[in-house]
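This report looks at strand pairing, backbone geometry and a covalent link in a predicted model. The sequence and the structure come first, and the description follows.

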Amino acid sequence: MLFIYLLVQPKVDISGASNLIVEGNSVNLTCKVVAGRPEPRITWLKNNTLQGQSLSLFFSEITKEDEGRYTCRAENAAGFSTKDIDISVKGVFVKLTTVL
């Protein structure tokens, strides 16, 4: 009996971020594996610094300090693939009124 095992280079996509991210809101970035055999290992980077090794990166209350370029990197025996997303956080403005 002959077994053929194909290696497939990973391909990834990122979901979960919108164009309008407001400070204090929760954000969940998800790295979706579109292709890859064997199952790729996922790594999240922010501005090339390691942030985690899971499919999702969750911010319970995102802040301006969380802004930056996030990269999902998938790697297996066939190679690697990366996908970037730039996160920009809008501040919350409060209008103060004076009562006389």
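## The S4–S5 pairing

In this predicted model, strands S4 and S5 run antiparallel and are joined by three bridges. One residue pair can be named in this connection, since Lys46 has Thr49 in S5 as its bridge partner. S4 covers residues 41–46 and S5 covers residues 49–52, and the loop between these two strands holds Asn48 as well as Asn47.

## The loop between S4 and S5

Both loop residues carry a backbone angle that deserves a careful look. In general, residues other than glycine mostly have a negative phi. Asn47, although not a glycine, has a positive phi of about 50°, and Asn48, likewise not a glycine, has a positive phi of about 70°.

How exposed is Asn48, in terms of relative accessible area? The value for Asn48 is 69%, and because exposed means over 50%, Asn48 counts as exposed. Asn47, with a relative accessible area of 46%, is partly exposed. Asn48 also lies 27 Å from Leu7, C-alpha to C-alpha, with the two positions 41 residues apart in sequence numbering.

## The four-stranded sheet

S4 and S5 belong to an open sheet of four strands, in which the order is S5-S4-S7-S8 and the pairing is antiparallel. S5 and S8 stand at the edges of this sheet, and because each has a single partner strand, one side of each is left without a neighbour in the sheet. On average, and with direction ignored, neighbouring strands of the sheet are turned by 30° against each other. As a general point, the strands of a sheet pair through backbone hydrogen bonds, in a parallel or an antiparallel manner.

At the other end of the strand order, S7 (residues 68–76) and S8 (residues 79–87) run antiparallel and are joined by nine bridges. The connection from S7 to S8 is a hairpin that passes through two residues, and Glu75 has Phe80 in S8 as its bridge partner.

## A cis peptide bond before S4

Where in the model does Pro38 lie? Pro38 is found in the loop that runs between strand S3, which covers residues 27–37, and S4. The peptide bond that joins Arg37 and Pro38 is cis, with an omega of about 0°, whereas peptide bonds in general are mostly trans.

## The disulfide between S3 and S7

The model contains one disulfide by the distance rule applied here, and this disulfide joins Cys31 to Cys72, with an S to S distance of 1.7 Å. The torsion about the S-S bond of Cys31 and Cys72 is about -65°, and the disulfide is therefore left-handed. Distant parts of the chain are linked by this pair, given that Cys31 lies in strand S3 and Cys72 in strand S7, 41 residues apart.

Are the two cysteines buried or exposed? Cys31 is buried, and Cys72 is buried too. The disulfide thus brings in S7, a strand of the four-stranded sheet, and ties Cys72 of that strand to Cys31 of S3.

Definitions and conventions
Residues numbered from 1 in each chain as written. Predicted model: local features only at pLDDT ≥ 70, side-chain atom pairs only at ≥ 80, totals over all residues. Heavy atoms only, no water. Buried < 20%, exposed > 50% of the residue type's maximum accessible area, 1.4 Å probe, protein only. Pairing = 2+ DSSP bridges. Axes fitted to C-alpha atoms, helices over the stretch in contact; angles between N-to-C directions. Disulfide = S-S within 2.5 Å.
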